[in-house]
Amino acid sequence: MPVEKTTRSTDLDKSAILVEARSLLAPRIEDASRRAFLTRSLTLGGVAMLSGCSLSNDDQVEGVLASISRFNDRVQGWLFDPRSLAPQYPAAMITRPFPFNAFYGLDDIPQVDQDTYRLEITGKVGDKRSWRLEELHAMTQVEQITRHICVEGWSAIGRWGGVRFSDFLIRIGADTDARYVGFKCADDYYTSIDMATALHPQTLLALTYDGQVLPRQYGFPMKLRMPTKLGYKNPKHIQAIFVTDTYTGGYWEDQGYSWFGGS
Ligand SMILES: Nc1nc2c(c(=O)[nH]1)N[C@H]1C(S)=C(S)[C@@H](COP(=O)(O)O)O[C@H]1N2
Ligand SMILES: [Mo]
């Protein structure tokens, strides 16, 4: 659990975490199994302080669990070190073939037309004009060979190239004090990330895979590649990007996966 990385963090505001945990636990918990679950999740969250709590109905329990999940997202956000880099690997270690994964099978991968494609930009940005693929290819390109980790139990090393996402955010005049960057995809997938990760030097608006135009199954025309986050946080077939202070969740996140989703 990322929270156990506490020792790595120098500027973690411990008292702020305790204040927040106390306010989350103000309701009282009666049900022993719920209480046990809460105790476990809090221990995982690095805050063991459940004594004297009880909730009187399931809605309250669900509410507290949801709050704790969002609370854990915040703790993970505080612990995230924007200078710490994910490992990079030699080309010989690339996994071949690289796995495909989506919430549907290979037959249903969206077909995006590169000539009519426009990347839409909305929210807290200075320049909301949409982007053509050639314009993105004209920006400085970087590459990474990193490991993709899927919560379904596999990981694979791949090589992605494209525009450093922080360069892109600066180019569109994004408000980098905003809390989130959100993504809408051509297949109805969606997700959102914290601004610190959006600005991380290894966060890449990927246009290529292994030196070729990003193949359809890996997210043509572009995906966001983040070696600091789990697979499901890396949206493929991106159609729209928005900068916002409003929490918008994600396809898997709204079904209970961790929103921060760090790896
Ligand atoms: N648009 C879109 N992006 C997505 C998904 C998806 O179903 N649709 N699945 C996610 C998950 S769970 C994983 S593991 C990776 C798989 O990426 P790959 O096909 O390049 O291995 O894409 C992520 N991004
Ligand atoms: Mo995944």
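This note covers a four-stranded sheet and the surroundings of ligand 1 in a predicted model.

1. Start with the sheet. It is open and has four strands. Their order is E1-E9-E4-E5. The pairing is mixed. As background, strands of a sheet pair through backbone hydrogen bonds, either parallel or antiparallel.

2. Now look at the edges. Strand E1 (120-123) stands at one edge and strand E5 (190-194) at the other. Each has a single partner strand, so one side of each is left without a neighbour in the sheet. Neighbouring strands of this sheet are turned against each other by 20° on average, direction ignored.

3. Take one pair in detail. Strand E4 covers residues 180-185. E4 and E5 run in the antiparallel sense and pair over five bridges. To find your place, look for Phe183, which stands opposite Thr191 in E5.

4. Which residues come nearest to ligand 1? They are Pro99, Asn101, Asp187, Asn234 and Lys236, out of 21 residues around the ligand. By type, the shell divides into twelve nonpolar, six polar and three charged residues.

5. Check the polar contacts. A backbone N or O atom of Pro99 is 2.7 Å from an oxygen atom of ligand 1. Asp187 uses its side chain: an N or O atom there lies 2.8 Å from a nitrogen atom of the ligand. Asn234 has a backbone N or O atom 2.8 Å from a nitrogen atom of ligand 1.

6. How much of ligand 1 does the protein bury? Taken alone, ligand 1 exposes 530 Å². The protein buries 99% of that area.

Notes: Residues are numbered from 1 along each chain as its sequence is written. Chains are lettered from A and ligands numbered from 1 in the order in which they are written. This is a predicted model: local features need pLDDT of at least 70, side-chain atom pairs count only at pLDDT 80 or more; totals for chains, interfaces and linings use all residues. Side-chain values use heavy atoms; hydrogens and water are left out. Two strands pair if DSSP finds at least two bridges between them. Helices (H or I, at least four residues) and strands (E, at least two) are DSSP runs, numbered from the N terminus. Axes are lines fitted to C-alpha atoms, for helices over the stretch in contact, and angles run from 0 to 180 degrees between N-to-C directions. A residue is near a molecule or strand if one of its heavy atoms lies within 4 Å of it. A polar contact is a pair of N or O atoms within 3.5 Å; within protein, one must be able to donate a hydrogen and the other to accept it, and residues adjacent in sequence count only if both atoms are side-chain atoms. Accessible areas come from the Shrake-Rupley method with a 1.4 Å probe; for residues, only the protein chains shown count as cover. Ala, Val, Leu, Ile, Met, Phe, Trp, Tyr, Cys and Pro count as nonpolar, Asp, Glu, Lys and Arg as charged, and the others, Gly among them, as polar.
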